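Q: I'm new to reading protein models. Could you walk me through a few features with me asking the questions?

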Amino acid sequence: FDSFRGLPDATGETYQNPLWKPGTFSDVHELSGRYHVKSKPREGIWDYIPKTRESKPLSVDEAIDKRMKQLNGHASRIRLIGGFYNESLTPAVAASALPALFADFNCDLYTSTMDAQRWLFEHNLLRAGSIISYDDWFHTPFGAGESAAHMEIARLYRVHFEHLSASLRQGPGAACKLVFFRIRSVGVRAHADITPRLNHTYYWN
């Protein structure tokens, strides 16, 4: 699930990361080849500069087609669903989905993370034994962004989470550190399992 149009408006977020503006990380621009990407994360800059006057972004469907080819999606049985979560996370899609063994939340924002997890728990797609990860846990002050959503979801759905080991960096020089949890139970006991490794902030930009 991805908007393919970049981030949504984050006006209502408790913490305003200067980089996370509407449209940042937009596949319809980046995959088109028609824009220069001006990225200075430490200065809060991520802009798309048209190469010509005729430059236009791809449609969401065109961006999905390009990603599918890159991922060898049909052979790998990958399905990409476009749209902001309030558009794409529908009961119809949930009805055709199997419970998730693993779900990665690279949502950046509190609101987006809440939208995604509410949908998964409401439709029983995350359950005991599922493993989840967060990409941007440390990129907001603790208690904002993904960490805030995690604790709120634990309370709302009485989820017992287990923090799994140390956080893992995605690769050499990668900005994001993945934070992993296993779901021990749902509907019995609320336990966010905030360990000393998790209640701090690591700013990459």
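Q: How do H5 and H6 run relative to each other: roughly parallel or roughly perpendicular?

A: Keep in mind that this is a predicted model. In general, two packed helices are described by the angle between their axes and the distance between those axes. Here the axes of H5 (residues 110–122) and H6 (residues 145–157) cross at roughly 30° and come within 8 Å. Angles under 35 degrees count as roughly parallel, so H5 and H6 are roughly parallel to each other. The crossing of H5 past H6 is right-handed.

Q: Which residues make the contact of H5 with H6?

A: On the H5 side you'll find Tyr110, Thr113, Met114, Gln117, Arg118, Phe121 and Glu122. H6 brings Gly145, Glu146, Ala148, Ala149, Glu152, Ile153, Leu156 and Tyr157. Sort the contact by class and you get eight nonpolar, three polar and four charged residues.

Q: Let's try another helix. Which residues of H2 are buried?

A: A residue counts as buried when its relative accessible area is under 20%. In H2 (residues 60–70), the buried ones are Ala63, Ile64 and Met68. They sit on the same side of H2, because they cover an arc of only 140° around the axis. These buried residues pack against helix H1 (27–30). Over on the other side of H2, Lys69 and Gln70 are exposed.

Q: What is the sign of phi for asparagine 72, which follows H2?

A: Start with the general idea: most residues other than glycine have a negative phi. Asparagine 72, though, has a positive phi, near 50°. Phenylalanine 25 also has a positive value, near 65°. Aspartate 108 isn't a glycine either, and its phi is positive at about 65°.

Q: Where are phenylalanine 25 and aspartate 108, and are they buried or partly exposed?

A: Phenylalanine 25 lies in the segment before H1, and at 28% relative accessibility it counts as partly exposed. Aspartate 108 is in the loop between strand E3 (102–105) and H5. With a relative accessible area of 6%, aspartate 108 is buried.

Q: Which residues does proline 22 touch, leaving aside its neighbours within four places in sequence?

A: Proline 22 is in the segment before H1. With those neighbours within four places left out, proline 22 is in contact with Leu7, Pro8 and Asp9. You can also look at alanine 10, which is 12 residues from proline 22 along the chain, with 7.1 Å between their C-alpha atoms. Proline 22 is exposed, with a relative accessible area of 55%.

Terms used
Residues are numbered from 1 along each chain as its sequence is written. This is a predicted model: local features need pLDDT of at least 70, side-chain atom pairs count only at pLDDT 80 or more; totals for chains, interfaces and linings use all residues. Side-chain values use heavy atoms; hydrogens and water are left out. Axes are lines fitted to C-alpha atoms, for helices over the stretch in contact, and angles run from 0 to 180 degrees between N-to-C directions. Helices (H or I, at least four residues) and strands (E, at least two) are DSSP runs, numbered from the N terminus. Angles under 35 degrees count as roughly parallel, over 145 as roughly antiparallel, 65 to 115 as roughly perpendicular and the rest as oblique. A crossing is left-handed if the near helix is turned anticlockwise from the far one by less than a right angle, and right-handed if clockwise. Contact means heavy atoms within 4.5 Å. Ala, Val, Leu, Ile, Met, Phe, Trp, Tyr, Cys and Pro count as nonpolar, Asp, Glu, Lys and Arg as charged, and the others, Gly among them, as polar. Buried means under 20% relative accessible area, exposed over 50%, partly exposed in between (1.4 Å probe, protein chains only). The arc is that of the directions from the helix axis to the C-beta atoms.
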